[in-house]
Amino acid sequence: MINNLIKHTSLVLRHKWYVFCYCTKLGMPIRGLKHDMSKFSPTEFVESVKYYDGKISPITKCKRANGYSKAWLHHKGRNKHHYEYWFDFSNVEKKYVPIKIPIQYVKEMICDRIAASKVYLKDQYTKSSALEYFNRTYDRHEMHPETSALLKSWLELVSEKGENEAIKIIKKVKNY
């Protein structure tokens, strides 16, 4: 268990470091500092350490074991850079619908996705990794169409120009 605690903490801190660096380049250092702080809450941290194995996400492993993950439910409900946060009940459609995500959280989302790809893929990471993941999981996305299109265009930019050039371009975007 101590081994899991050390390895999981190290993984989270590496991820947070990359996000902080990218957010800082985008002119949002405070967003980078605050990124994923909920991962250190008891609800997320204890479950993540328990299910950590270094191969698959502890959330995925917990979902396989229990059918759901308290850590994920907690995380997505507190972190606005996750599209799952942005759902609300529509009185018009009479169902929960995705909401267009404010630009600063889409910017944090791109930082999060690049960082996650780097941390999880390690030496197999390429500038196309985050886009490939997006495309592989696209059929499961239920994000607002404009948000999805913007995120995909930014991931394509990273894939074509590399993260540093893409970040320079993304930084200039003020709104959709």
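Let's start with two helices that pack against each other: H6, covering residues 103–121, and H8, covering residues 145–161, meet at an angle of about 45°, and their axes are 11 Å apart. Keep in mind that this is a predicted model. Those are the two numbers to have in hand, since two packed helices are described by the angle between their axes and the distance between the axes. With angles under 35 degrees counted as roughly parallel and 65 to 115 as roughly perpendicular, H6 and H8 are therefore oblique to each other. As for handedness, the crossing of H6 past H8 is right-handed.

Who actually touches whom? From H6, the contact draws on Ile103, Val106, Lys107, Met109, Ile110, Arg113 and Ile114. H8 answers with Thr147, Leu150, Leu151, Trp154, Leu155 and Val158. If the spacing of those numbers looks familiar, recall that an α-helix has 3.6 residues a turn, so residues three or four places apart point the same way. By character, the H6–H8 contact has ten nonpolar residues, one polar and two charged.

Now on to H7, the helix at 129–137. Its buried residues are Ser129, Ala130, Leu131, Phe134 and Thr137. What covers them? H6 and H8 are among the elements that do, so the pair we began with turns up again here.

Just ahead of H7, in the loop that comes from H6, sits Ser128. Is Ser128 buried or exposed? Its relative accessibility is 17%, and because buried means under 20%, Ser128 counts as buried. The side chain of Ser128 also has a partner: a polar contact of 2.6 Å links it to the side chain of Ser159. Ser159 falls within the residue range of H8.

Finally, a look at the backbone. Most residues other than glycine have a negative phi, and most peptide bonds are trans. Two residues here are worth a look with that in mind. Asp36 is not a glycine, yet its phi is positive, at about 55°. You'll find Asp36 in the loop between helix H2 (29–34) and helix H3 (42–51). Lys94 is not a glycine either, and has a positive phi of about 60°. Lys94 belongs to the loop joining strand S1 (87–90) and strand S2 (95–98).

How do Asp36 and Lys94 fare on accessibility? Asp36 has a relative accessible area of 1%, so it is buried. Lys94, by contrast, has a relative accessible area of 58% and is therefore exposed.

Terms used:
Residues numbered from 1 in each chain as written. Predicted model: local features only at pLDDT ≥ 70, side-chain atom pairs only at ≥ 80, totals over all residues. Heavy atoms only, no water. Axes fitted to C-alpha atoms, helices over the stretch in contact; angles between N-to-C directions. Helix = DSSP H or I, 4+ residues; strand = E, 2+ residues; numbered from the N terminus. Parallel < 35°, antiparallel > 145°, perpendicular 65-115°, else oblique. Left-handed = near helix turned anticlockwise from the far one by under 90°. Contact = heavy atoms within 4.5 Å. Nonpolar A, V, L, I, M, F, W, Y, C, P; charged D, E, K, R; others polar. Buried < 20%, exposed > 50% of the residue type's maximum accessible area, 1.4 Å probe, protein only. Polar contact = N/O pair within 3.5 Å; in protein donor to acceptor, adjacent residues only side chain to side chain.
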